[in-house]
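Biologist: Could you take me on a close tour of one part of this model, and then show me how that part sits in the rest of the chain? I'd like one connected story rather than a list.

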Amino acid sequence: MLTNDELAKWDRENFMHPSTHLAQFARGEAPQRIVTGGEGAHITDRDGNRLLDGFAGLYCVNVGYGRQEIAEAIAAQARDLSYYHAYAGHGSEASITLSKMVMDRAPEGMARVYFGLGGSDANETNIKLVWYYNNILGRPKKKKIISRWRGYHGSGLVTGSLTGLELFHKKFDLPLDQVIHTEAPYYFRRPDASMSEGDFVGYCVEKLEALIEAEGADTIAAFIGEPVLGTGGIVPPPAGYWEAIQAVLEAHDILLIADEVVTGFGRLGTMFGSDHYGLKPDLITSAKGLTSAYAPLSASIVGQKMWDVLERGTDENGVLGHGWTYSAHPIGAAAGVANLKLIDSLGLVENAGTVGAYLNERMQAAVGDHAHVGDVRGEGMLCAVELVADRDARRFFDASEGKGAKVVAAMLKRGVIARAMPQGDILGFAPPLCLTRDEADRIVEVTAESIAEVLG
Ligand code: PMP
């Protein structure tokens, strides 16, 4: 067996890691961790640590680690049929069963599901379907997509453009011209402290209307948004936001894509975030929770209005020219079927609601009054703590101080994984949906101790 040092060396010399400081990593100056196992909400590593994973990997291991039911379904599928494509009407029992299970759980008004591999490709599919749709309708100019600053929708060419975070644009020649950005519904960072939530919703609406006016509604095809902003800071929208935004979109015949890669399959305490906020999307993007990341799989869920036009489009133009080799991969589909069954049998959607609310309440009580905590917010099994230099002035720390990353490092020393969100000093929590109250207490306790250690 290789020693830890040998593996670490191979890692530095061969492996180009995503979202990593390449130079520091190659020089051995950036953290490395070799993960070996997981059980419930905990992972273990080669150094012998057992860590409480307060971020469920990347908000994806929703049923928790080590579920034998899913491992067995994957093994059985690999033995029976490891692969066949889904082109030209091919399927497997697993992929057809999963399509039915997804549609049974999807919000009202959805018609079909298209399977891919991950969140980025599912958004890529959705944008292409929107363009196809408008071409079939004879509206070749109606193509731009509105996304929000701080939205996260992937890191491909179009999806990295949709993502409204500078890190994902800088030096990549993004965003592409077809993508434009509007205000994020980030009440804590509202431009004027005296604004009420209602005022701020009005402000977001005005910004959106001004953008539509400036660009011309006849050039705008769709608006994409996460029900709760995720990677941009874990920010639930202010009350009334989605209702007001949907009214604007409807008035201008702009489609709505709900990016539910994080919120799909239970994270907010409802099966979809669209159910939680009363969204009526034309397309839904989902991935992560669909298989709890036991295997890569995504689902683009197509609403009836779009489906009718897409169907007609192929009658006029022939086969839909869009597919991946691994669309509806049988192993991913088998993982998805076993995963959705577990979510039901363990009552994890409900647990996300109740234990998630408990985590948020306890977090607020433990750190909400700290002089350097500006905001504690969350929804379902999502929670964030935003650190500030000055609470009253809502003044933020200088990014170079890396306060959020320091608190996260202090938490890791105590055995709890949180995520330093990429823009601002924000501690993010998105634990597995099977989290217990005791585990929630531990996350809160370690957060409070670590904030005290780093910020006094
Ligand atoms: N959309 C959202 C809302 C996401 O959070 C993510 C990933 N964090 C993606 C899309 C992209 O998914 P993937 O990394 O699987 O491509």
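Modeller: Sure, let's start with a pair of strands and work outwards. Strand 8 (residues 255–259) and strand 9 pair in the parallel sense, over three bridges. Within that pairing, I257 stands opposite L283 of strand 9. Keep in mind that this is a predicted model.

Now stay on strand 9, residues 283–286, and look across to strand 10: here the two strands are antiparallel, with four bridges between them. Two of the matched positions are easy to find on screen. L283 has V302 as its bridge partner in strand 10, and S286 has A299. So what covers strand 9 on its two faces? Neither face is left open: L283 and T285 are buried on one side, and I284 and S286 are buried on the other.

Strand 10 (residues 298–303) tells a similar tale, so let's go there. Six of its six residues are buried, which means the strand is largely enclosed by the rest of the structure. If you turn it around, S298, S300 and V302 are buried on one side, while A299, I301 and G303 are buried on the other. Strand 10 also pairs with strand 4 (residues 110–116), antiparallel again and with six bridges. There, R112 stands opposite V302. V302 is worth a click, then: it is matched with R112 of strand 4 and with L283 of strand 9.

The residue I'd pick out next is I301. Setting aside neighbours within four places in sequence, it is in contact with V102, A106, M110, V113, L283, I284 and S286. I301 also belongs to the largest nonpolar core, which has 122 residues; A222, I234, I301, A334 and A335 are the ones that touch the most other members. That core draws at least three residues from each of domain 1 (33–63 + 347–455) and domain 2 (70–345).

That brings us to the domains themselves. The domain assignment of the chain gives domain 1 as 33–63 + 347–455 and domain 2 as 70–345. Their centres, taken over C-alpha atoms, are separated by 26 Å. Where they meet, 30 residues of domain 1 and 28 residues of domain 2 take part in the contact. On the domain 1 side, at least two residues each come from helix 3 (56–59), helix 13 (348–367), strand 11 (373–379), strand 12 (382–387) and strand 15 (426–429). Sorted by class, that side has 15 nonpolar, 10 polar and five charged residues.

Some of those strands also turn up together in a sheet. It is an open one made of four strands in the order 11-12-15-14, with antiparallel pairing. Strand 11 and strand 14 (419–420) are its edge strands, each pairing on one side only. Strand 14 is joined to strand 15 by two bridges, with the two running antiparallel, and R419 stands opposite G428 in strand 15.

There's a ligand in view as well. Its shell has 15 residues, and G118, G119, S120, G154 and V261 come nearest. Helix 6 (residues 119–136) gives the most to the shell, with three residues. By class, the shell has five nonpolar, eight polar and two charged residues.

Let me finish with two helix residues that make a nice contrast. L208 is found in helix 8 (residues 197–215). It counts as buried because 21 other C-beta atoms lie within 10 Å. Leaving out residues up to four places away in sequence, L208 touches T182, I245 and V248. L249 is 41 residues from L208 in sequence, yet their C-alpha atoms are 9.3 Å apart in space.

The other one is R12, in helix 1 (residues 4–14). R12 has 15 C-beta neighbours inside 10 Å, so it counts as partly exposed. With residues up to four places away in sequence again left out, R12 touches F25, A26 and G28. A30 lies 18 residues from R12 along the chain, and 9.8 Å separates their C-alpha atoms.

Definitions and conventions. Residues numbered from 1 in each chain as written. Predicted model: local features only at pLDDT ≥ 70, side-chain atom pairs only at ≥ 80, totals over all residues. Domains from an automatic or database assignment. Contact = placed C-beta atoms within 7 Å. Nonpolar A, V, L, I, M, F, W, Y, C, P; charged D, E, K, R; others polar. Near = placed C-beta within 6 Å. Pairing = 2+ DSSP bridges. Buried ≥ 20, exposed ≤ 12 C-beta atoms within 10 Å, placed from the backbone. Core = buried A, V, L, I, M, F, W, Y, C linked by C-beta atoms within 7 Å.
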